Each structure stands twice: as C-alpha cells, then as structure tokens.
Amino acid sequence: MSVEIGALGPDPFEELARSAARHGQTPVESTTERELLVLWLDDDPYALPIERVREIVRLRPITPVPRVPAAVRGVLSLRGEIVQVIDLRLRLGLAPSLSEGRRRRTVVLHGDDGQMTGLLVDRVSEVLRLIVDDEHRAGEVRGLVARQVG
C-alpha cells in the first residue's frame with residue numbers, strides 16, 4: 001500500500017492511520033484449517049490429524065510380544081524409546097499385508113498419556129489441508145477421522 005502524504009487532507013498522519021486500518025480489515029469468518037496426514041491401506045486413503053503425528057519412520061525390525069491382541073505386531077526401539085506397533089490393517093479388520101514392501105511405514109503418534117504408539121501402514125502420501133467453514137463441520141471431520149482410524 002502506498003499513499004502520498006501530500007495527497008492527504010489537513011492531518012496527513014491521521015488519514016494515513018485510517019487508510020492503514022481500512023486496508024487491514026477483513027470480514028471475520030468462522031473457518032478452521034485442519035491438516036491431516038494421508039496414509040494408505042491397499043488402495044484406500046485414511047487420514048490422521050497431523051498434530052498427533054510425532055514422526056514417520058521406515059519399516060524396521062519389530063520384536064513380537066507374546067499374549068497380545070493380533071493387531072499388536074510388537075514393539076520397536078526408536079532412539080532408545082520403546083514404541084508399541086499396531087498393524088492398522090488388522091485393527092480395522094482388513095486382510096493382512098502379503099508383503100513387507102519398501103513403501104510400508106510406521107507412523108509414530110503422540111498418545112494422550114505421553115506414550116507413543118506406532119501404526120503400521122502401507123504408505124504415506126501427503127499432508128492434506130482442509131478449510132472447514134464452521135466448528136460444527138470441524139467436529140464432523142474429527143469424528144470421521146476417529147471412526148476411520150480409531
């Protein structure tokens with residue numbers, strides 16, 4: 001924005017301040033931006049809120065743990081921290097993966113209790129940014145993500 005001081009009225013600084021205030025005004029919108037990590041199981045996309053994701057790591061050796069549910073593949077060591085790994089395919093009732101392909105990843109999540117959990121997925125593709133136009137719809141997005149992944 002450029003305003004010539006000589007072109008303004010008797011008090012150029014007051015007019016300059018008003019002009020700057022008008023320039024910065026935008027209508028208040030009730031929008032929320034959500035960022036979701038898009039991950040894949042077979043050819044189906046799923047999403048997680050990005051704020052829950054600590055990191056994404058390549059598939060590494062997982063140590064099996066006896067007497068745990070089938071979806072719990074075991075644990076892995078991540079820089080000295082033990083992370084429980086859940087096979088998301090099995091947790092959602094899908095068929096197990098036939099390969100341990102190079103594209104498979106473990107998405108490490110922050111837990112509510114300070115613990116970390118790893119989700120074994122086929123691949124991770126992108127971070128999706130959604131603009132939600134009101135809080136009601138933001139709740140629907142959170143619920144959808146929770147139903148699909150949790």
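This passage describes a five-stranded sheet and the salt bridges of the structure.

The structure is a predicted model, in which local features need pLDDT of at least 70 and side-chain atom pairs count only at pLDDT 80 or more, while totals for chains, interfaces and linings use all residues. Residues are numbered from 1 along each chain as its sequence is written, and side-chain values use heavy atoms, with hydrogens and water left out.

Helices (H or I, at least four residues) and strands (E, at least two) are taken as DSSP runs and numbered from the N terminus, and two strands are regarded as paired if DSSP finds at least two bridges between them. On this basis, five strands form an open sheet in the order 3-6-7-5-4, and the pairing is mixed. Strand 3 (53–58) and strand 4 (72–78) are the edge strands, each of them pairing on one side only. From one strand to the next the twist averages 30°, where axes are lines fitted to C-alpha atoms, for helices over the stretch in contact, and angles run from 0 to 180 degrees between N-to-C directions. Within the sheet, strand 6 (residues 105–110) is joined to strand 7 (residues 116–121) by six bridges in the antiparallel sense, and Val 108 stands opposite Gly 118 of strand 7.

Nine salt bridges are found in the structure, a salt bridge being a side-chain nitrogen of Lys or Arg within 4 Å of a carboxyl oxygen of Asp or Glu. Glu 55 takes part in a salt bridge with Arg 79, in which the closest N and O atoms are 2.5 Å apart. Because Glu 55 lies in strand 3 and Arg 79 in the loop between strand 4 and strand 5 (81–87), this pair ties together parts that are 24 residues apart in sequence. Glu 55 also meets Arg 54 in a salt bridge between side chains, at 3.4 Å from N to O. Accessibility is classed as buried under 20% relative accessible area, exposed over 50%, and partly exposed in between (1.4 Å probe, protein chains only). Glu 55, at 17% relative accessibility, therefore counts as buried, whereas Arg 54 is partly exposed at 32% and Arg 79 is exposed, with a relative accessible area of 60%.

A further salt bridge is formed by the side chains of Arg 89 and Asp 122, at 2.7 Å from N to O. This pair links distant parts of the chain, with Arg 89 in helix 2 (residues 88–91) and Asp 122 in the loop between strand 7 and strand 8 (123–132), 33 residues apart. Both Arg 89 and Asp 122 are buried, and a network of salt bridges links these residues with Asp 42 and Arg 104.
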